[in-house]
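Here is a short, friendly briefing on charged pairs, a lone lysine and a surface patch. Keep the structure open beside the text as you read.

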Amino acid sequence: MVEGVLGRKIGMTHIYRDGVQVPVTVIDAGGNRVVQRKTVQKEGYDAVQIGFAEKKESRTNKPMRGHFKKAGKCFYHLAEMRGDGLDGLEPGREIRLDEVFKAGDYVDVTGRSKGKGFAGVVKRWKFAGGPASHGSMHGRAPGSIGQSSDSSRVFKGMRMAGHMGDRTTTVQNLEVVDVRADENLLLVKGAVPGPRNGVMIIRKALKKAPKAAG
């Protein structure tokens with residue numbers, strides 16, 4: 001089966017597990033459908049292309065209509081997924097949530113973080129700032145950024161004021177608390193990147209094995 005699916009963030013809530021309150025993010029992961037099957041013989045690797053968030057054919061341009069023809073539906077979002085045993089996944093096949101994840105699994109969630117506009121170094125990089133009294137006039141300024149004679153330039157990667165957020169971010173090793181396949185809902189422990197209604201990719205965790213049964 002594929003290594004992951006696409007989903008839409010509904011919001012955060014909490015549930016109780018063994019009398020302990022657990023904060024969870026609710027993700028709607030219904031409607032994932034195989035759009036294209038990629039094989040070693042043709043593309044050089046084994047994977048499937050998945051479509052998410054159905055859209056009207058009239059809103060799709062002509063080349064993409066041809067691409068979506070085998071799937072039978074058009075989609076706003078596409079993503080490639082690898083996995084094991086992909087032979088039965090042909091275009092048009094819907095991927096159920098409980099086929100991919102179960103409670104106790106760990107996942108990596110990739111999304112677009114919330115944009116926070118232009119931010120100074122104190123907010124963006126947690127700089128301490130200067131003295132707040134005795135007329136230092138330093139306040140929240142960044143201070144010196146470069147050298148004079150030796151190197152005579154500012155090195156790449158210098159932490160400075162600038163656009164904060166609004167970038168692709170991955171949060172790793174989040175526990176799957178519950179899989180509600182009938183409602184197409186995935187409950188993940190903790191927070192995930194992005195705002196409500198943001199689209200994200202949920203993959204099986206690379207660095208953590210699932211919990212053993214019992």
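A residue is called buried when its relative accessible area is under 20%, exposed when that value is over 50%, and partly exposed in between. With a relative accessible area of 31%, E99 is therefore partly exposed. Please bear in mind throughout that this is a predicted model.

**Salt bridges**

- How many salt bridges does a search of the whole structure find? The search gives 12, and the bullets below walk through some of them.
- Side chains of opposite charge can pair when their charged atoms come close.
- E99 pairs with R93 in a salt bridge, and their closest N and O atoms lie 3.2 Å apart.
- R93, the partner of E99, has 29% relative accessibility and so counts as partly exposed.
- K102 and D105 make another salt bridge, with 3.2 Å between the closest N and O atoms.
- D105 has a relative accessible area of just 7%, so this aspartate is buried.

**The network around R37**

- R37 forms a salt bridge with D46, where the closest N and O atoms are 2.7 Å apart.
- Is R37 buried or exposed? Its relative accessibility is 14%, which means that R37 counts as buried.
- D46, on the other side of that bridge, is partly exposed because its relative accessible area is 27%.
- Which residues are linked with R37 in a network of salt bridges? They are D46 and D87.

**A buried lysine without a partner**

- K55 belongs to strand β4, which covers residues 47–55.
- Although K55 is buried, it has no salt bridge.
- The nearest side chain of opposite charge is that of E57, 11 Å away from K55; a salt bridge would need a side-chain nitrogen within 4 Å of a carboxyl oxygen, so E57 does not qualify.
- What does K55 touch instead? Leaving aside residues up to four places away in sequence, K55 is in contact with T60, C74, F75 and Y76.

**A nonpolar surface patch**

- Four side chains, I145, V154, M158 and M160, make up a nonpolar patch on the surface.
- Together, these patch residues have about 280 Å² of accessible area.
- Where does I145 sit? I145 lies in the loop that runs between α3 (121–125) and β8 (162–163).
- I145 has 30% relative accessibility, so this isoleucine counts as partly exposed.

Definitions and conventions:
Residues are numbered from 1 along each chain as its sequence is written. This is a predicted model: local features need pLDDT of at least 70, side-chain atom pairs count only at pLDDT 80 or more; totals for chains, interfaces and linings use all residues. Side-chain values use heavy atoms; hydrogens and water are left out. Patches are made of residues with over 30% relative accessible area and no salt bridge: like charges are joined within 9 Å, nonpolar side chains (Val, Leu, Ile, Met, Phe, Trp, Tyr) within 5 Å. Accessible areas come from the Shrake-Rupley method with a 1.4 Å probe; for residues, only the protein chains shown count as cover. Helices (H or I, at least four residues) and strands (E, at least two) are DSSP runs, numbered from the N terminus. Buried means under 20% relative accessible area, exposed over 50%, partly exposed in between (1.4 Å probe, protein chains only). Lys and Arg count as positive and Asp and Glu as negative; His and the chain ends are not counted. Contact means heavy atoms within 4.5 Å.
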